[in-house]
Amino acid sequence: MNSASCAAKISTQPFSLNPTSPTSHDNPLVFPKPTSFFLGSTRKLRLSSSSKLNLHRRSGTVVAVSDVVKQKKSKSTPSLLITKEEGLELYEDMILGRAFEDMCAQMYYRGKMFGFVHLYNGQEAVSTGFIKLLKQQDSVVSTYRDHVHALSKGVPARAVMSELFGKTTGCCRGQGGSMHMFSREHNLLGGFAFIGEGIPVATGAAFTSKYKREILKEADCDHVTLAFFGDGTCNNGQFFECLNMAALWKLPIVFVVENNLWAIGMSHLRATSDPQIYKKGPAFGMPGIHVDGMDVLKVREVAKEAIGRARRGEGPTLVECETYRFRGHSLADPDELRDPAEKAYYAARDPITALKKYLIENSLASEADLKAIDKKIDEVVEDAVEFADESPVPSRSQLLENVFADPKGFGIGPDGRYRCEDPKFTEGTAHV
Amino acid sequence: MLAIARQRMLGQSFKKILPAVSVLRSYSSAAKQITVREALNSALDEEMSADPKVFLMGEEVGEYQGAYKITKGLLEKYGPERVLDTPITEAGFTGIGVGAAYYGLKPVVEFMTFNFSMQAIDHIINSAAKSNYMSAGQISVPIVFRGPNGAAAGVGAQHSQCYAAWYASCPGLKVLSPYNSEDARGLLKAAIRDPDPVVFLENELLYGESFPVSDEVLDSSFCLPIGKAKIEREGKDVTITAFSKMVGYALKAAEMLERDGIYAEVINLRSIRPLDRSTINTSVRKTNRLITVEEGFPQHGVGAEICASVVEESFSYLDAPVERIAGADVPMPYAANLERMAVPQVEDIFRAAKRACYRSVPLAATA
């Protein structure tokens, strides 16, 4: 991939903490025309700038890919974007995400789940499109809307459901909850409740990957990190700080913006001076791409490029996925501010229906195959609920566990020994 | 001014999870009931209409009517220039609020929960609290930071911390924490009128609770003094200090204790900084025993400060060691049974009071 066309590229040295000054911006053609006025709908601009650039010269440029991919597809009709196995895998993952979230809603209203629960219905294409391209050792960092990211990454549905019920068999033993899913085995680094909090953490994970390869000389370490976050987060300072550092140090990270146009009740257009988030990438020296987040195949194409770039050591990418959440911000949100016409528009673009249509029209799978998958997933989700129901609640002694990796952090007791060495320590609590 | 008997009229349970705006009107003996939510809303409304320099800022305060509906109706009444929906940039909008306050405006900055104030704490402490001092009195910062504080129900470790001790340790800040509707109205009005930065710590689970209020409280000039605690219930055997939700728990414990012949004096701190040391010490000199109750982490907590103050000033009056009841020394767990163990319950206060009165001797302190 020719990164020479990258307009705001900086240092070519790998992993230098003191890069040389940036190369000059000698490609004015590649910059979009400066827009100093508020444009309104992002959709309008996307359609007008897609014509000239193809998929591979995307580095450093602002491109709207969705129409490009469509053109590419129609030019070469016989070659499809996915094989049958891949198609079924994508379908199964999205159905799992949808069925799981619907079950969460049911369980919440039955009182089995509590606190804050943020559901992912409608955004499955982004999670599936990206995460299914990762290896086990690649990391994913998410927000409070993390159930489906966990499932796509490979955390078993049972473990996620138990965690939501607050049982000791959950992936975090019931201590984290809906918003704090962690799995060392699957390299899911959370689960952060604070907007923007996960982005620096993801950048750090990418830093580690690069460090391992270059300083610790683990030559084959090419782990990539994906950071998922929303449109509201793109106004937060931490986002910009991390775009800067990731580009400066060419970290193997992909910043995936799940732009569902709403931050609780705050419309993206009311909160952002320039609502086209993908344009913020080139301002920091990385490619910025906009993709239709309701189409899993388009997302997957873009993801392949972005993840490939990161793996080859070419640095970060900012991908803005235009998507939509079918439910409210959380199960406690009455969702009164969104226009029903807007909801209907996106409901018609349901990613699962779209993929189903694609698979059937291109004879990659039959109705029967897909129904079998639906049934299988229903059973998986039911089993997860049963498992969670039957699991025990955490025992009293678990309250004090895992506060420290070294429990000597609880200090020395009145008898002169470390408090954690007292076998009855966890029977009481740590407070005075 | 309010008789102790009125406190016994609290009928509702304290375990509500979903907010409920319930208003019971009783037309007998001038005792009207309003929820804490209505009290806060009416206080904001009255202060905004009295002074055009007061404006609101925060996430979802306008069109969404407030994340917890505290600012309901204010956007329609005062318009988007005075009720500002901000993007999700705590550091940014808090800094903007402080800057506006430097020039004499009176922002009321809402944090969706005080946990999010950690993203803005640099501005609260460094730009707001210290400015009057650093500028030798030239720049005062009449700003109010308000929002829910402490644990809610099942919201996990990052949404449940209590920040009273953190902010109360900082000179230059005033830190208030109301309990009932009267506190909410009076203290919020006082905070908005105050020329210094005020951190106003509410409690999400109390928003839907109704409390009786007198006509004086409903008057638009009503204001409570900052730095004065209130004795919610008088007693002679043991002093229990608490703030915010724990006042309700302490009152319940006091009722249980009365059945066992122990008369507890419950002090609603109202003001964490400045702490009303004189009321606390006077009470301890009367009862000779002290229990401090708070929801936050135990180390360096509010109870620790009260304890030190009492030991310094009323040492010879103490007949029993001071007991601190605080949350467990762990990040808030998510599982419901663990969460109950991590927050003080009425029984903990009851047992501690009995220990202090040497009426029974259960084992070491348990949550």
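User: What makes the 15 residue pairs between chain A and chain B count as polar contacts?

Analyst: This is a predicted model, and both residues of each of the 15 pairs are at pLDDT 80 or more. A polar contact needs a pair of N or O atoms within 3.5 Å, one able to donate a hydrogen and the other to accept it. The 15 pairs between chain A and chain B are therefore counted as polar contacts. On the chain A side, helix 6 (157–165) and helix 9 (268–271) each supply at least two of the residues that touch chain B. By class, that side has 23 nonpolar, 18 polar and five charged residues.

User: Why is the pair R270(A) and E63(B) called a salt bridge?

Analyst: The closest N and O atoms of R270(A) and E63(B) are 3.2 Å apart. The cut-off is 4 Å between a side-chain nitrogen of Lys or Arg and a carboxyl oxygen of Asp or Glu, so the pair R270(A) and E63(B) qualifies. Between chain A and chain B the count is two salt bridges.

User: How many residues of chain A and of chain B are in the contact, and how much area do the chains bury?

Analyst: The contact takes 46 residues from chain A and 42 from chain B. About 3700 Å² is buried between the two chains, with 64% of it on carbon and sulfur atoms. The area is summed over both chains, so the 3700 Å² is not the loss of one chain alone.

User: What makes E182(B) and R270(B) a salt bridge?

Analyst: Their closest N and O atoms are 3.8 Å apart. That value is within the 4 Å limit, so E182(B) and R270(B) are counted. Two salt bridges are counted between domain 1 and domain 2 of chain B. Helix 6 (164–168), strand 6 (174–176) and helix 7 (181–193) of chain B each give at least two residues to the side of domain 1 that touches domain 2. Helix 6 of chain B gives the most, four residues. That side of domain 1 of chain B has 20 nonpolar, nine polar and three charged residues.

User: How do you know that domain 1 and domain 2 of chain B are in contact?

Analyst: The test is heavy atoms within 4.5 Å, so the contact rests on 32 residues of domain 1 of chain B and 23 residues of domain 2 of chain B that meet it. Their buried area is about 2100 Å², 57% of which comes from carbon and sulfur atoms. In domain 1 of chain B, G154(B), S177(B) and Y179(B) lose the most area to domain 2, together 24% of what that side buries.

User: Why is the pair E401(A) and R173(A) called a salt bridge?

Analyst: The closest N and O atoms of E401(A) and R173(A) are 3.0 Å apart. With a limit of 4 Å, the pair is therefore a salt bridge. One salt bridge is found across the interface of domain 1 and domain 2 of chain A. The side of domain 1 of chain A that touches domain 2 divides into one nonpolar, two polar and one charged residue.

User: What area is buried between domain 1 and domain 2 of chain A?

Analyst: About 340 Å², of which carbon and sulfur atoms give 11%. R173(A), Q175(A) and V393(A) supply 89% of the area that domain 1 of chain A buries against domain 2, more than any other three residues.

Technical notes:
Residues numbered from 1 in each chain as written. Chains lettered and ligands numbered in written order. Predicted model: local features only at pLDDT ≥ 70, side-chain atom pairs only at ≥ 80, totals over all residues. Heavy atoms only, no water. Buried area = accessible area lost by both parts, 1.4 Å probe. Nonpolar A, V, L, I, M, F, W, Y, C, P; charged D, E, K, R; others polar. Polar contact = N/O pair within 3.5 Å; in protein donor to acceptor, adjacent residues only side chain to side chain.
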